[in-house]
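This report is meant for a reader who meets the structure for the first time. It goes through the sheets, the helices, the nonpolar core and a few single residues in turn.

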Amino acid sequence: MAKVEPIISIRNLTKKFGGLTAVNNVDLDIPPARITALVGSNGAGKSTLIQMLSGFYKPTSGEIYYKGEPLPLGNPLSVKNLGIETIYQDLSLAELLDVPDNVFLGREKYRTVMGLKILDRDHMKAESEKVLKRLKINLPFLHKPIRFLSGGQRQGVSIGRALYWNAEVIIMDEPTAALGIKEKKQVMNLILDLKANGVTVIIISHEMSDVFEVSDCIAVLYQGKCVGVREKNKTNIDDIARLIITGSSEESPVQTAGGENENRH
Amino acid sequence: MSRFYKLREFALKRWSLMFLFVLLVFFSITGRGFFSIENYQDIFLASTSIMLLGIGVTFVIITGGIDLSVGFTMGFTSVVMASIVRHLSQAGFGPGISILIAFVPTIAVGIITGLINGYIVAYLRVPPFIATLGMYGIAHGAALLWSGGFPVANLPDTVISIGNRYLFYFLPGKWLAFFHMPEGVPHSALRHVVRLIPLVAVVVIVIALFMVIILSKTKFGKHTYAVGNSMVVSRRAGIKVRSHLLKIYCLASLFAALGGITYVFRYGSGNAEAGAAHMLNSIAAVVIGGASLYGGTGDIQGTIIGALIIGALQIGLVILAVQPFYQYIAIGAIIIFGVILDQFSQGKLNQIE
């Protein structure tokens, strides 16, 4: 494969929470218009890493470059405005607000009337309807608190919110974890659609079958470090599983038994 | 969704409005002299301090916080306002200019109190209950020190005359005057003069309507609800949660200062204890109005209704010649009733969907 310029370059990225180093000096390049899977066992630092990308956490040290420019750190709105959207594992919806409120949360459309930022509800409702229709997401209502929606419907709103803003990069944290078989298939197709439209996708998943089904390359985190990046075509489930469990791709019979237990804690 | 469910949803959301109506009907039938325009105006006036403090507290409670300091901030600002007006007028300034000058430090004291509360809550992560409990004591002590423990009285008459002015005065069948009692009304006629629409009420209504728009129609209002829903979700969505909370606590203290100013105008004095009873009354009004202490719900309309319920109870029980101490019991019972109804209705609403 020809060498392409990465759309996102992570350099020496570290995040400490008190005495705990969640992400430890990670270097990672994300290729454009590809699907990159981020895998690793629980506590490997995947969620922390992507929440630094999305601006929620401010890194302790290190840099992130987006299209060659330094990405603003710890500032979610600037990151979104640059075209990087995140779909969180917990969906990150405001349960007591309605659908348009959630789609536009933090980026409300308003008109300035005598110095007041008056919300343009009609616009937000119409636009929310449009994006949900485009994604073939059917909701029983728009103007009631989101908590009255089912899990799958909420997932739809969360995805709709990310896609509405025509993001160039979409980060998904366990996008299929809470879904039934049919919805899961829809989300997988959606991810492939996004790629076909030139969108860069980063997904976190525990499901190896999903990872191998959609991704182009796979990055493995182990105890906060990036221990390997593989092209999907040049690796296999065993290789990735070994990286996840031992942090190394070398087969070493001595390490397997003890190392495995140690990492499970 | 049938009309029945809509009606039911409204009834559950606005039970306080119906309760207020029932209360007014009950007192109007049983209390002699309760049913009159003057008395209804008095109820409104009795509620204005609770409304002003309650509007600020509504914003705080929607974010999931609490502000215990507003009552004594009201007292403190009333002392500041009254003593500055007194000093200036004793120094030879006219009453009008003294009042205008005094507004500036009074509002400033309110905003500074709020900045301190907000900074401690939003940036130092101290639970709002503790942070504002601290300010509750500080504002109380500061006001007592400033005033030497006595009410600050002897203000120019203009102050109390503005605070107790009505838009219309009329003697049925004789005359109607706007904004002023006509000169030379004989004493025998004075008690028949009908005073309509207190100036203070007009100011409070205008402020309340403005705040209804802020909370329900603007980006600021939407972010207030969002922060109360979840600070994490709000921050991920790009809302600057900490600076928003700072603004909210400033707003609450600013409204406490408005309460203090209103007190000075109505009673012609400042008093460290001016808002002592209103700390809990304002929180009660917000909760009776339907806000949840968990955050994310509530509105100004509800708080206004809650304040009117407290005002109606206070005056109604006096007219019925019930010992005034019963009002505390009544208000306490209504708060608990309201919160239970709220829990119940949310469970029910879930079932409907």
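What follows is a description of a predicted model, beginning with the place where the chains touch.

**Where chain A touches chain B**

The contact draws on 23 residues from chain A and 18 residues from chain B. On the side of chain A that touches chain B, the elements giving two or more residues are α2 (76-81) and β8 (116-119) of chain A, and β8(A) gives the most, with four residues. By kind, the residues of this side of chain A divide into 14 nonpolar, three polar and six charged.

**The sheet of chain A**

In chain A, six strands form an open sheet in the order β6-β9-β10-β3-β11-β12, and the pairing is mixed. Its edge strands, each of which pairs on one side only, are β6 (84-87) and β12 (225-231) of chain A. Neighbouring strands of this sheet are turned against each other by 15 degrees on average, with direction ignored. Strands of a sheet pair through backbone hydrogen bonds, and they may do so either parallel or antiparallel. The strands β6(A) and β9 (residues 169-173) of chain A run parallel and are joined by four bridges; within this region, Thr86(A) has Ile171(A) in β9(A) as its bridge partner.

A helix also lies across part of this sheet: α8 (residues 237-246) of chain A crosses β3 (35-39), β11 (217-222) and β12 of chain A, and runs at about 25 degrees to β11(A).

**The sheet of chain B**

Chain B has an open sheet of three strands in the order β2-β1-β3, with antiparallel pairing. Here the edge strands are β2 (175-178) and β3 (194-198) of chain B, each pairing on one side only, and neighbouring strands are turned by 15 degrees against each other on average, direction ignored. Strand β1 (residues 166-171) of chain B pairs with β2(B) in the antiparallel sense over four bridges, and the bridge partner of Leu171(B) in β2(B) is Trp175(B). Helix α9 (residues 199-217) of chain B lies across β1 and β3 of chain B, running at about 25 degrees to β3(B).

**A helix of chain B and the nonpolar core**

Helix α4 (residues 70-90) of chain B has 21 residues, which at 1.5 Å a residue should span 30 Å, and this agrees with its end C-alpha atoms, which are 30 Å apart. This helix, α4(B), is mostly covered, since 17 of its 21 residues are buried. Just after α4(B), Gly92(B) takes a positive phi of about 105 degrees.

In soluble globular proteins, nonpolar side chains tend to be buried together. The largest nonpolar core of this model has 156 residues, and those that touch the most other members are Leu38(A), Ile171(A), Val220(A), Phe76(B), Ala252(B), Phe255(B) and Ile309(B). The largest share of this core, 17 residues, comes from helix α12 (residues 241-267) of chain B. When residues up to four places away in sequence are not counted, Phe255(B) touches Leu52(B), Leu53(B), Ile55(B) and Gly56(B).

**Three single residues**

Ile315(B) has its place in helix α14 (residues 300-319) of chain B. Leaving aside neighbours within four places in sequence, Ile315(B) is in contact with Asn39(B), Asp42(B), Ile43(B) and Ala46(B). Although Ile315(B) and Gly31(B) are 284 residues apart in sequence, they are 10.0 Å apart in space, C-alpha to C-alpha.

Most residues other than glycine have a negative phi. Glu174(A), which is not a glycine, nevertheless has a positive phi of about 50 degrees, and its place is in the loop between β9 and α6 (181-196) of chain A. Phe179(B), likewise not a glycine, has a positive phi of about 75 degrees and is found in the loop between β2 and α8 (187-190) of chain B.

The table sets out how these residues count by their surroundings.

| Residue | C-beta neighbours inside 10 Å | Counts as |
|---|---|---|
| Ile315(B) | 21 C-beta neighbours | buried |
| Glu174(A) | 19 C-beta neighbours | partly exposed |
| Phe179(B) | 10 C-beta neighbours | exposed |

The reasoning behind the last column is a count: Ile315(B) is buried because a residue with 20 or more such neighbours is counted so, and Ile315(B) has 21, whereas Phe179(B), with 10, counts as exposed because the limit there is 12 or fewer. Glu174(A), with 19, falls in between and therefore counts as partly exposed.

How values were computed
Residues are numbered from 1 along each chain as its sequence is written. Chains are lettered from A and ligands numbered from 1 in the order in which they are written. This is a predicted model: local features need pLDDT of at least 70, side-chain atom pairs count only at pLDDT 80 or more; totals for chains, interfaces and linings use all residues. Two residues are in contact if their C-beta atoms, placed from the backbone, lie within 7 Å. Ala, Val, Leu, Ile, Met, Phe, Trp, Tyr, Cys and Pro count as nonpolar, Asp, Glu, Lys and Arg as charged, and the others, Gly among them, as polar. Two strands pair if DSSP finds at least two bridges between them. Axes are lines fitted to C-alpha atoms, for helices over the stretch in contact, and angles run from 0 to 180 degrees between N-to-C directions. The expected span of a helix is 1.5 Å times one less than its number of residues. A nonpolar core is a set of buried Ala, Val, Leu, Ile, Met, Phe, Trp, Tyr and Cys residues joined through C-beta atoms within 7 Å.
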